[in-house]
Amino acid sequence: MKPQLRAQLLEEIKKVDAISAAPAILQPLLELMRLPSERISIEKVVELVSYDGAIAAQCLRLANSPFFGRRQTETVRSAVMALGLERVRSTLFGLCLNRVVPKDKWVIEPDAFWRHSLGCALVTQRMAKKIEYPQPEKAYLAGLLHDLGFLMNSVLYTEKFRECLRHAAAEHAPLHVIEEQILGFTHCESGQLLLEHWDLPTELAAAAGCHHDVRLLPTAGALACLVHLGDLLCRVRYLGYGYDEIMGVELGGDAAWQILVTTYPALGNMDLFRFTIDIDGAMEQIVATVDSVFGNKTITAAT
Ligand SMILES: [Fe+2]
Ligand SMILES: [Fe+2]
């Protein structure tokens, strides 16, 4: 991205808090997101979850979803306990971001976006656990936020971004390639700028910034590589943005895979075929989980 365009984009991003439909909990939630996990307090999380009835209901749905074993959870506190503080913090943030985009600025169905993002979070975390990455919850969060730039482009450049999606769908091409041609920057870049502007951990911003090509960042760490692979696996299993991309994926030959293998030898020993079957098995649950969280089912939450 040209430096002048970058400066211009950053100025636009700074206005997002004001023009978006972000709920009042966004700022206190951002403060919570900046804390190391050992400093998150259950009281604060329960308070923030309970602040908004719709968000509280969505957290309950997640705790009661098939992916988390359909626990019979009826209160916010027990949902927070069941899901774990870090998981709830990430989910709460995702749910809150859903409101950052005003209704008329969504360029695809919000459900499709969240199906992809939550799908990527769950697949990335699953892969992180398989290779014994030390912070699987961080992998979940990085997966959940990797396409945040998609929301930024929707809010800030709605019509042009719609055009990008139309072209990408017509050509069965990856979205970031078309964005580069039409906007001059990608959702990876706008997402990274937003995460940096919000002062969230640099590792998260870097993962968002290079999730379509880890070679863009010479220092791409394991987290960025995991997110890249999680995103790829979701897209080849039709959990993308609602259009078919023409893509052949050979995981073993992927740059992110090769970087990861050098740090996590467990990956080299992994039976790729079994792993993809395992992910396929989880996909159904992932889709059901997203549908139950972002669907229209009515549920009432008590604190
Ligand atoms: Fe993406
Ligand atoms: Fe993605």
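The following paragraphs lead through a predicted model of a protein chain, from its domains to its core, its helices and some single residues.

The protein chain is divided into two parts: domain 1, made of residues 3-19 + 105-270, and domain 2, made of residues 22-99 + 295-303. The C-alpha centres of domain 1 and domain 2 are 23 Å apart. Where the domains meet, 14 residues of domain 1 are in contact with eleven residues of domain 2. On the side of domain 1 that touches domain 2, helix H8 (110-130), helix H9 (136-145) and helix H10 (148-156) each provide at least two residues. By character, the residues of this side of domain 1 comprise ten nonpolar, one polar and three charged.

The next topic is the interior. In soluble globular proteins, nonpolar side chains tend to be buried together. In this model, the largest nonpolar core has 92 residues. Which of its members touch the most other members? They are Val49, Cys59, Leu92, Leu148, Ala224, Cys225 and Leu226. Helix H15, residues 222-236, gives the most to this core, with ten residues. Both domains take part, for the core draws at least three residues from each of domain 1 and domain 2.

One of these core members, Cys59, may be examined in detail. When neighbours within four places in sequence are set aside, Cys59 is in contact with Val49, Val76, Ala79, Val88, Thr91 and Leu92. Another residue to consider is Ala63, which is in helix H5, residues 53-63. Ala63 is buried because 26 other C-beta atoms lie within 10 Å, and a residue counts as buried when that number is 20 or more. The C-alpha atoms of Ala63 and Val76 are separated by 9.5 Å, while along the chain these residues are 13 residues apart.

Leu145 offers a further example of a buried residue, this time in helix H9. Leu145 counts as buried because it has 28 C-beta neighbours inside 10 Å. Setting aside neighbours within four places in sequence, Leu145 is in contact with Leu195, Leu204 and Ala208. Between Leu145 and Asn269, by comparison, there are 124 residues in sequence and 29 Å in space, C-alpha to C-alpha.

Helix H11, residues 158-171, shows how burial can be arranged around a helix. This helix has 14 residues and reaches 20 Å from its first C-alpha to its last, close to the 20 Å expected at 1.5 Å a residue. Its buried residues are Phe161, Cys164, Leu165 and Ala168. These residues cover an arc of only 95° around the axis, and therefore they are on the same side of H11. On the other side of H11, Glu159 and Ala170 are exposed. Against which helices do the buried residues of H11 pack? They pack against H10 and helix H12, residues 175-182.

Helix H16, residues 255-263, can be read in a similar way. The buried residues of H16 are Ala256, Trp257 and Leu260. Seen down the axis of H16, these residues fall within an arc of 95°, so they line one face of the helix. Among the elements that cover the buried residues of H16 are H15 and helix H17, residues 265-268.

The loops between helices deserve attention as well. Most residues other than glycine have a negative phi, and most peptide bonds are trans. Just after H11, however, His172 takes a positive phi of about 50°, although His172 is not a glycine. His172 lies in the loop between H11 and H12. Is His172 buried or exposed? His172 counts as exposed because it has 11 C-beta neighbours inside 10 Å, and the limit for an exposed residue is 12 or fewer.

Asp199 is another residue that is not a glycine and has a positive phi, here of about 65°. Asp199 is found in the loop between helix H13 (187-197) and helix H14 (202-209). With 12 other C-beta atoms within 10 Å, Asp199 is exposed.

Gly221 completes the series, with its place in the loop between H14 and H15. Gly221 is partly exposed, as it has 17 other C-beta atoms within 10 Å. The C-alpha atoms of Gly221 and Ala207 are separated by 8.0 Å, and these two residues are 14 residues apart along the chain.

Definitions and conventions
Residues numbered from 1 in each chain as written. Chains lettered and ligands numbered in written order. Predicted model: local features only at pLDDT ≥ 70, side-chain atom pairs only at ≥ 80, totals over all residues. Domains from an automatic or database assignment. Contact = placed C-beta atoms within 7 Å. Helix = DSSP H or I, 4+ residues; strand = E, 2+ residues; numbered from the N terminus. Nonpolar A, V, L, I, M, F, W, Y, C, P; charged D, E, K, R; others polar. Core = buried A, V, L, I, M, F, W, Y, C linked by C-beta atoms within 7 Å. Expected span 1.5 Å × (residues − 1). Arc of directions from axis to C-beta.
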